[in-house]
Amino acid sequence: MSLASTTCTTCPYCGVGCGILATPTNDGVDIAGDPDHPANFGRLCSKGSALGETIDLSGRLLRPRVDGDDVGWTQATKHVAEKLHHAIRDHGPDSVAFYVSGQLLTEDYYVANKLMKGFIGSANIDTNSRLCMASSVAGHKRAFGSDTVPGTYEDLEEADLIVLVGSNLAWCHPVLFQRIAAAKSRRPRMRVVNIDPRRTATSDLADLHLSLEPGTDVALFNGLLARIEQSGAIDAEFVLAHVAEFPEALTQAKADEPSLTGLDPSELMAFYDLWIRSERVVTVYSQGVNQSTSGTDKVNAILNCHLATGRIGRPGMGPFSVTGQPNAMGGRETGGLANMLAAHLELTDPTHRNAVQGFWNAPTMPEAPGLKAVDLFDACADGRIKALWVMSTNPAVSMPAANRVRDAIAACDFVVVSDIFPDTDTAKLADVLLPAAAWGEKSGTVTNSDRTISRQRPFLSAPGEARPDWRIISNVADAMGWGAAFNYQSPVEIFREHAALSGIAGGLGRDFDISALSGIETATYDDLKPIRWPVTASRSGGRFFGDGRFFTPDGRARMVPVAHRPLAAATTKHRPLRLNTGRVRDHWHTMTRTARAARLSQHMAEPYAEIHPLDAEALEVCAADLVRIESDHGRITARALVTDRTPRGSVFVPMHWTSNWASDGRVDVVVPAATDPISGQPELKGAAVSVTAYRPNWYGFAASNVEPLTSEVPGIGYWAKAVTDTGWRLEFAGDVSPISWECHARLLFGQGAESFTTSLIDRGAGRARVAVHDGESTIGVLFISETPVEVARAHVIANLLSLSPTQLLAGRPSADQPDTGAIVCSCLGVGARTIADAVTAQDLQTVDQISDVTGAGTNCGSCRPELRAFLIPQLPKVAAE
Amino acid sequence: MPERLVVIGAGMASGRVLEHLFEDAPGAYNVTLFGAEPRGNYDRIMLSPVLSGEKTYEEIVTHDANWYAENAVTCRFGEAVTGIDRDRKVVLSKEGETPYDKLVIATGSAPFIIPVPGKDLPGVITYRDLDDTNAMIGAAAKPGAKAVVVGGGLLGLEAAAGLKMRGMAVTVLHLIDHIMERQLDPAASQLLRSDLESRGIRVHTKANTHEIVGTDRVEAVRLDDGIEYEADIVVMAVGIRPETALAQDAGLACGRGLHVDDQMITSDENILAVGECVEHRGSCYGLVAPLYEMAKVAAKTLAGEPAAYTGSSTSTKLKVTGVNLFSAGDFAEADDREEIVFRDPGRAIYKRLVLQNDRIIGAVLYGDVTDGPWFFERLKSQTDVADVRDTLIFGPAYAEGTALDPMVAAAASRGDFHLPRRSGPNTPSASALAA
C-alpha cells in the first residue's frame, strides 16, 4: 500500500460521531481525534483510539459465497436477484424483508430503502436501530410531529443541569461524557443527575444518583411534571401558544405515583427542585429509556416536562436523545425503518407516498408499515418471509429471544447476509454471503446524535472483491430489472438524490431538509466539512423549536398523557431477579470489530454478571464464580461480579458476547421479545430471570499464542476467549477432570506429542498448571483450579513469549518483577495494581494526580471515572447548592 | 587450672566441637585429640570431589597444624584408642594411658560390609576416608580398569561418578528397584539413573550380590541370577553403622548407637559423644548437618552452659558434578498426605513437595535444587504454607506476592467492589479486594 496523507473521517461506533484523522503507515494506520470536528474536537474514546487495531484483513469475507462456494459477483448478484424475484412472484412483495443496520452509511441506507419500498413494493425494511432509538423516534413524532432532535452538543456544555436518564454515558458515549465533565470542571456550579437503577462509571460525575426501580421513569417524570405545576414553574405563555394537550397530560401525571420509583421522597424532591430551578436543563436519555415496553411513553414523559416549561430549543436546554450507532440518525433520515417512508416523510400519508413515488419514479409503493424487527423475524419463523437480506448486523445475537431469531433465520428459505466477516452468528446461517467494504474502505455520510452530517472517507482500498453496500444493493436492483433507478456510480450521486428528496420533504413541511446540498459538486462532497441539518437556502443547522413551531398539522407540540406501566415480565418466585443489559467501556455491539483489538479486550475479557452482594450471598455465589442466568427463553453462563453497583434484585450482563467469543454469553437469548406497543422497540433491560451458581469441577485460565481449540477438548462446560497482544486468553471451566492435564493442554493448544510440557500438579489443592512449549518458546499455558483461578493474568499474558515456561507457571511476577494487575487504562496499558500502589505510596488525592503519576487516563480519558474509585472511597454525593 | 579434655576421633564432628569450645570457653580445657587416621581433621564429605579429581586433599583440610598449635591441642593422630577406664578416667592406647576430666567420643561410623564370599579379598574397598579414596584413585590409574560399586545410595553413587571421571568402567549394583530410595522417590530416582547412564555408568537394580569372585584379589562380582560383572575393585557402599565398639567395651549404654541425652552426655556424666556414633532419641545420623548441631551443644555442655540438642531433620545433596538433587524429610505417600509435583521433562527437572496439614514434611528436587534450603527451612520450622501453596514450589522469589484477583474484569476497584470468597459467602476477605 502506498503511503497516503491523512484522511478526515468519522468513527464507526456510537452516535457521538467523532471526527477521526486516519494516517496510513507502513504497518497499519495511525488514528487520532480530529481537532476540528465539532463532535469531539480531537477527543477519542478507547474504542475509537483502537480502530487501527481492527483493520487487518484476517478473517475478512473477501468473495461472494453462494451455498458455501466462492463465486463471482455476477453470479452472486444474479442468484440473489432471482431468489428475491421468485419470492415476490410467488408470494408477493411482503415475502421479502431487509434487516439493515445503523452502521450503514446514509447512501447505503437510502438505496436499500428505495429498493424495498419503491421497487420491491414492501415496507419490510427494518434495522437494528429498532433496538436502539425507535422509542425516541416515536416519542419525538408524537410530541413534535417529526423525529427531531431539537438541541446540539453545545447545549450539554451550556446547561446548568444535565440529567442523564438510562444512560451510562461514560462508557457508551465517552466523548460526550468528557465534554460534560470538562464543562463541569470549568463551571463547577453545573450539576449532573444520573438516573439509573445501576451505579455506573457515569455516576462518578453525578451530584445526585437516583437508583430508581427499573421501568419507573414514567412515574418519575410524571412526578416532575406535577411538581413543576405545583411550584408554578409552568411556562404558561409557551404552553398557551405552542403546546396542545397540556391539561390531559398534567392530569395523567398527577394520577401517577412517584413512589413507584422506590426512591426516597427527599431524593425525589432534591431532583425535582433542582430540575425546576435550573432553567438551562438538558435531559439526556438513551437505552434505559428507549429499550422498554413503555419506551415511547418514557420519552414523552420527559418531553412533557420540557414542553411545559418551554425549556426546548434554546441554548443549554432541551430533551436530548443520544443514539447508539454511528448512523442511526442517517437511517431515520433516509426512512430505513418499517414504519417510515423517506426523508422524515410518513408512509401512511398518501401525499407523502405519492411525492416519493413520483420522485423515485417507482413502480409501486407500500401503503402500510412493514414488519418491525421482532415481528419481522417472527415472520421468518412462520414462513411469511421467504427471502431475508441482513446487512451489516448480527440479529442472531442482538435480538431478544435470540435463539428463536437464530432459528427463524435458519428456517427462512433464502437468507442473504452482507457483512465484512463470514463468521458472525448471523452470517453462519446465510445461503449467500456478500463481502461488504468496511470502515476505512467506504465513502459516504453519517449523521450523529446532534444532526451533524459527517463524511466517512476511505483511506484503504477494499480488499478482495469487497464492495460498498450501496453498490451491492444497486447491482441486485439492476439484476432485478430496475437498473435505471439504481444507476449510481458513486456515493455523491446518491447523496444528491437524498438531498433533493429532502427538499421535497421540506416543501411538505417536514423538518429534515438538506436541499441546499442537492446540487453538491463531487469535489465539494469529497471535501464536505461536518454540517448540521437542516441545510436549506434559508436555514442551516441550529436548534429546533425555540420559536415554538412544531411539525404537527397545527404547528403545536403535543404533550402526551402517559401513565406508568410495569415491565412486561413480572418477577416471580421462580424468576426472582431483573436482568439489566448494556454496554461495557471497550466493546461495541457484537464485538465483530472491537474483539479484534487486544487492548480493547483487556478491560473486560469475559461475559460477566453484576450481582448485589446480598443477592449473591442468598444465591451462595461468590466473586468470580460462574452463574447461570435463565429465563423461559434461554440460558447463559457468565462470571459473577459481586458489587453493590447493581441494586438488589437485579443482575446486569453486558450485551456484546457472541458464540464466537463465549460458549454461552449471548445475553439476548434470555431476554423475551416484549415490545413497546408504539415503537416496536423490545424491552432489553427487563427480563425476569433466575440466577444459579454453576459449580464446575474445575475452573481454568489459559494464555496462548495459538487460538485455543475449545471444541477439541472434551469436558469443557464453559469458555470465553479474547485476543491479546501475545495471542489469546481463555477463561474456561469443566465438569470432568482429565486423567492428564498435560494431554488436556496439548489438545487445547493443538500440539502433538513432540511438544514439551512443564507442569505443576497439586491434586490435594485441586490445582494444575501446564505450559506447552517447544523446548524454548511457550505455546500456551493453562491454570486449573477447583476454585476460580487466581493468577496474575495481565502478567502471564504480557510475558507469555518472554518468560520461561516455569516462570509462567508461577502465575505471578517474582519478587523483582512488577505486577500491573488487571488493565484499567486500555490506551496506555496501566493496571489496577500499578494505580493502587501509586495512590497508596504517593498519597494521591485526585484523578489528575493519578494520571500524572501513572499515565492512566491521559489519552482517551475513558477510564477516568474508574480511576476515581482508586482514591479514598467516597459516599454518594447529594445535590448541594 | 584447666581441666583435661580428651577427644577420641578426629572427624568432622569433633573438629566442630573444638572450634565451638575454644570460642565459648577459651582456656577452659587442655585438649588431647586422638585420631585413627594419621592426619588431622578434614572435610570428609568432600572426599568425592577428591575422588573425582576436582579437589585435592589439601583443599579439604579443615584444621591444620597451626590451628592445633594455636589452640594447644595435643594431637595423637594415627594412634588408635584401645580402651576407656571410666573408673580411673583414663583412655588407653598403645602409647599408654591418658587421663581425662571430660571425654568426648566421636568415633563416627564404620562401613557395612555385606557378608558374602570373597568380601575380604584385596580390592574390596570401602569408602570412608582418605586412604579408601586414594586406594580407588590408585586402582583407576590402570587403563581399562573396571569398578563395581555395591550400593546405589548416596555414597555409592558419588564413588561411581568419581571413578567414572577417573576413567574407570563403572557398574553400580543396587538391591532394590530404584537407586537412592531413601532420598528419592521413583520419579526423581529414574531421572538420576538416566543421568548416570548417560555418563556411561551402568546401573543394575534389583541386583542381589551372591559372591565376590577372585583368587588373589577381586576379579568379578556374581549376582544371584548368575550375572557376573568383571571388577578390578569392588567398592562396598551399602551403608554404615555407628562405631560403638569402644563405648560398649567401656560399659556405656548403647543401642544402635551410643546413647546420649539432649546435652550430648552419655550414660557417664563425664563422657560426651557426638557424630555418627551416637544414638539420640532413637535416631542415628549419617549426614553432616546434625553433626554440627550436636557439636554446638556438646561444646556448650563442656563450657558449662545450658544447651539442648533436640534432633535434626536432614537434607541431602548428591555431590556429583552436574547432578543436582536435593532431598529432605519424608516423602512416602499416605492418605493424610498431599503432594505438589512439578515436572519439566524437557529440562530433566522434577520437584515434589509432600505436605501434611499444610506443612512441608518432605521435599525431593531434581535438576534444580536452588530452592532446596528454603523448602528445608520451612520443613524444619513446620511453617504453615496454606496461603502460599499455589506458588510454593516456585520458591522464595514468588512467596511474597500479594493476593491475586480471580476476576477477569478490571472494572473492579477499591471502594465499590465486594468480593466474598470461596471460603464461604459469609466471610468476605480483605485479600480479595485486590483491585
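**Cores, packing and confidence in a predicted two-chain model**

Leaving aside neighbours within four places in sequence, Leu388(A) is in contact with Ala97(A), Tyr99(A), Cys380(A), Ile409(A), Cys412(A) and Val415(A); two residues are in contact if their C-beta atoms, placed from the backbone, lie within 7 Å. The model is a predicted one, in which local features need pLDDT of at least 70 and side-chain atom pairs count only at pLDDT 80 or more, while totals for chains, interfaces and linings use all residues. Residues are numbered from 1 along each chain as its sequence is written, chains are lettered from A and ligands numbered from 1 in the order in which they are written.

Leu388(A) is one of the residues with the most contacts inside the largest nonpolar core, which has 377 residues. The others named are Ala609(A), Ile629(A), Val149(B), Val234(B) and Val235(B). A nonpolar core is a set of buried Ala, Val, Leu, Ile, Met, Phe, Trp, Tyr and Cys residues joined through C-beta atoms within 7 Å. A residue is buried if 20 or more other C-beta atoms lie within 10 Å of its own, exposed if 12 or fewer, and partly exposed in between, with C-beta atoms placed from the backbone. Apart from the largest core lies another core, of 48 residues, which includes Leu33(B), Val73(B), Val104(B) and Ala299(B).

Chain A contains 28 helices and 34 strands; helices (H or I, at least four residues) and strands (E, at least two) are DSSP runs, numbered from the N terminus. The C-alpha trace of chain A spans about 80 × 70 × 55 Å along its principal axes. Its radius of gyration is 27 Å, which agrees with the value near 29 Å for a compact globule of 881 residues. The radius of gyration is taken over C-alpha atoms, and the globule rule is 2.2 Å times the number of residues to the power 0.38. Of the 881 residues of chain A, 68% count as buried. Among contacts in chain A between residues at least 6 apart in sequence, 72% join residues at least 24 apart.

Helix 18 of chain A covers residues 402-411, and its buried residues include Ala402(A), Arg404(A), Val405(A), Arg406(A), Ala408(A) and Ile409(A). The cover over the buried residues of this helix includes helix 16 (373-381), strand 14 (387-391), helix 17 (395-398) and strand 15 (414-419) of chain A. Helix 26 (residues 832-842) and helix 27 (residues 847-854) of chain A pack at an angle of about 110 degrees, with their axes 10 Å apart. Axes are lines fitted to C-alpha atoms, for helices over the stretch in contact, and angles run from 0 to 180 degrees between N-to-C directions. Helix 26 and helix 27 of chain A are therefore roughly perpendicular to each other; angles under 35 degrees count as roughly parallel, over 145 as roughly antiparallel, 65 to 115 as roughly perpendicular and the rest as oblique. On the side of helix 26 of chain A, Thr834(A), Ile835(A), Ala838(A), Val839(A) and Gln842(A) meet Ile850(A), Val853(A) and Thr854(A) in helix 27 of chain A.

The peptide bond from Trp533(A) to Pro534(A) is cis, with omega near 5 degrees, and Pro534(A) is found in the loop between strand 19 (531-532) and strand 20 (557-558) of chain A. Arg451(A) is not a glycine but has a positive phi of about 70 degrees. Arg451(A) is placed in the loop between strand 17 (444-447) and strand 18 (452-456) of chain A, and counts as buried because it has 27 C-beta neighbours inside 10 Å.

Chain B has ten helices and 25 strands, and 46% of its 435 residues count as buried. Val172(B) lies in strand 11 (residues 169-173) of chain B and is buried, with 31 other C-beta atoms within 10 Å. Beyond four places in sequence, the contacts of Val172(B) include Val149(B), Leu157(B), Ile201(B) and Val203(B).

The mean pLDDT of chain A is 94, and 98% of its residues reach 70 or more; pLDDT is the predictor's confidence in each residue, from 0 to 100. Over residues 874-881 of chain A the pLDDT is below 50. Chain B averages a pLDDT of 88, with 92% of the residues scoring at least 70. The pLDDT stays under 50 over residues 409-435 of chain B. The predictor gives the complex an ipTM of 0.82 and a pTM of 0.86.
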